[in-house]
Amino acid sequence: MFHLPESAAETNASILREVEQIVARGESEQAEFKRSTGQRTEAARTVCALLNGSGGFVLFGVTDGGVLVGQEVSPETLESIIREIRRIDPPALLSPETVDLPNGRAIILIRVPRGEGPYMYDGRAYVRLGPTTSVMPAAHYQKMLLDRVHSSRRWELTPTELGIGDLDHDEVIRTAEEAIWRNRMEDPGTRRVEELLLGFGVMRDGALLNAAVVLFARSGALVSIYPQCTLRLARFRGRDMSEFVDGRQEIGNVFQLFNRAQRFLRDHVPVAGRVVPGLFERVDDPMYPPVALREAIANAVCHRDYVFPGGSVGVAIFDDRVEISSTGQLRFGLTVGDLRHPHPSLPWNPTIATVLYLRGLIERWGRGTLKINELTQRAGLSAPEFEERAGEVVVRFFPSSYIPPTRVPHDLTDLQREILLSLAEHGPSSSVALQGKLPGVTSNDRVIRSLQTLRHLGLVEKIGITRGVQWRLVDQR
């Protein structure tokens, strides 16, 4: 239920909006426009330069002036771009996207992540200087070589004392088969786990790397050595953390934690039922868009900082919101505000991110937060909040409809909750009108007493005077 795919039309419209935002900003250090794939050689040089910088976007079918003219796109067109990109060394895992235009043509978009350069195209390294691609100076090239040695010391690339026997071999093979099925990896012609791990870049000189542990280790192997591979799950009663309804702590590899988080949300997120007029069928409306929650969990397990033994991913469900958090902070100059706009992909764990991309947990470089924004907007929700706090990054979702609290400072009665739901659905009402909307309630005094209690708790308020008195919800957000 929680993995609901977007339709092709919705996906195209979503990426087209993103393309329009990129083009509106003009060519820059992170964006280059090409009118057609006839300029793919120049475009490949720019891809190389972006890999050597902070990443960015290359678009075919856009004029220098920012007009979306599009072009005819066939499988051969895309293959010609891929062949050109393959001339970049070391190899870059890039996948051109096609975006249809109303004029029957299409834009081709290449998302370029920040690389671990220096990268070279046809034996020469390139750099981006403003909106211009230039040959990289020798001094810059030497500095990048030194930086590359430093980046190879990332935690995810550090050897581990665990061995292949500590991994879930089925998970390794499943990842390869998913990547082949999604056309994100060529079939290596083997299902030997060691060879697959080498291909994923999570094994070196006969030793497993920390990335392999995070991705594929069995739970039992993680407990004492890798406590940071933890997922904290909580359903709280009310709007704060004073009382648990359900609290759990799980340890496992990325794929296990991803599935357990989704299952917990499925168990605890309310689903509202309604009957569609004319169909006489019940339709379930989740309080939060499931795909947006899924995307937030994928982002959390992908981009978090795994160095600290006390780190974790957290899923917290309150009466009025859901919060998904992960240990770490935004890196490479990325800000909370940037998460609402097209931005280059700057993964803190590029090796882990690559394997999650191959598996299908993350769909497109740098689109996770944009997709979360779009899905919540489409569902009619308030915009999600992104926040950096006390060493972690948090995304906060608000519901698609009013949820009466289960506890304010004490439990509400069924009647009090029904009154809150009625006011949320119908708006301000008199006590008499409320009584008529509450099945089985024959005493107006009961309704008034409940309203007075809710007023004392700060959940409802009076408006009007004397016989015109009505009651309405107090905005709790």
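These legends accompany several close-up views of a predicted model.

**View 1. Four strands form an open antiparallel sheet.**
Let's start with the strand order, which reads β3-β6-β7-β8. The edges belong to β3 (88-89) and β8 (132-135); each has a single partner strand, so one side of each has no neighbour in the sheet. Helix α2 (residues 40-51) packs on this sheet and touches β3, β6 (120-121), β7 and β8. The direction of α2 makes about 80° with that of β7.

**View 2. Two hairpins link β6, β7 and β8.**
Here we follow the chain from one strand to the next. β6 and β7 run antiparallel and are joined by 2 bridges, with Tyr121 having Arg124 in β7 as its bridge partner. Their hairpin has 2 residues between the strands, and Asp122 in the turn has a positive phi of about 55°. Strand β7 (residues 124-129) then pairs with β8 in the antiparallel sense over 4 bridges. Across this pairing, Arg128 stands opposite Thr133, while Leu129 stands opposite Thr132. The β7-β8 hairpin also has 2 residues between its strands, and Gly130 in the turn has a positive phi of about 65°.

**View 3. The largest nonpolar core holds 70 residues.**
Which members touch the most other members of this core? They are Leu197, Phe200, Phe216, Ile324, Leu356 and Phe397. Helix α10 (residues 290-303) gives the core its largest share, 9 residues. Zooming in on Phe200, and leaving aside its neighbours within four places in sequence, we find contacts with Val172, Thr175, Ala176, Met185, Phe216, Thr351, Val355 and Leu358. A second, separate core has 20 residues, including Ala43, Val47, Ile88 and Leu94.

**View 4. Helix α12 is largely enclosed by the rest of the structure.**
Why can helix α12 (residues 368-378) be called largely enclosed? Because 9 of its 11 residues are buried. The buried stretch includes polar and charged names such as Lys371, Asn373 and Glu374, alongside Leu370, Ile372 and Leu375. Packed against the buried residues of α12 are α1 (8-24), α10, β17 (385-389) and β18 (392-397). After the helix comes Gly380, whose phi is positive, near 80°.

**View 5. Thr376 sits within helix α12.**
Is this residue buried or exposed? Thr376 has 1% relative accessibility, so it counts as buried. A polar atom of its side chain lies 3.0 Å from the backbone oxygen of Ile372. Leaving aside neighbours within four places in sequence, Thr376 is in contact with Pro289, Ala292, Leu381, Ser382, Pro384 and Phe397. Phe397 also appears among the residues that touch the most other members of the largest nonpolar core.

**View 6. Aromatic rings meet in 6 pairs across the structure.**
A pair of aromatic rings is described by the distance of the centres and the angle of the planes. One of the pairs joins Phe236 and Phe244, which are tilted, with 4.8 Å centre to centre and 35° between the planes. The two partners differ in their surroundings: Phe236 counts as buried at 4% relative accessibility, whereas Phe244 counts as exposed at 51%. Elsewhere, ring pairs link Trp155, Tyr226 and Tyr306 into a cluster.

Note on methods:
Residues are numbered from 1 along each chain as its sequence is written. Side-chain values use heavy atoms; hydrogens and water are left out. Two strands pair if DSSP finds at least two bridges between them. Contact means heavy atoms within 4.5 Å. Axes are lines fitted to C-alpha atoms, for helices over the stretch in contact, and angles run from 0 to 180 degrees between N-to-C directions. A nonpolar core is a set of buried Ala, Val, Leu, Ile, Met, Phe, Trp, Tyr and Cys residues joined through side-chain atoms within 4.5 Å. Buried means under 20% relative accessible area, exposed over 50%, partly exposed in between (1.4 Å probe, protein chains only). A polar contact is a pair of N or O atoms within 3.5 Å; within protein, one must be able to donate a hydrogen and the other to accept it, and residues adjacent in sequence count only if both atoms are side-chain atoms. Rings of Phe, Tyr and Trp (its six-membered ring) pair if their centres lie within 6.5 Å; planes under 30 degrees apart count as stacked, over 60 as edge-to-face and the rest as tilted.
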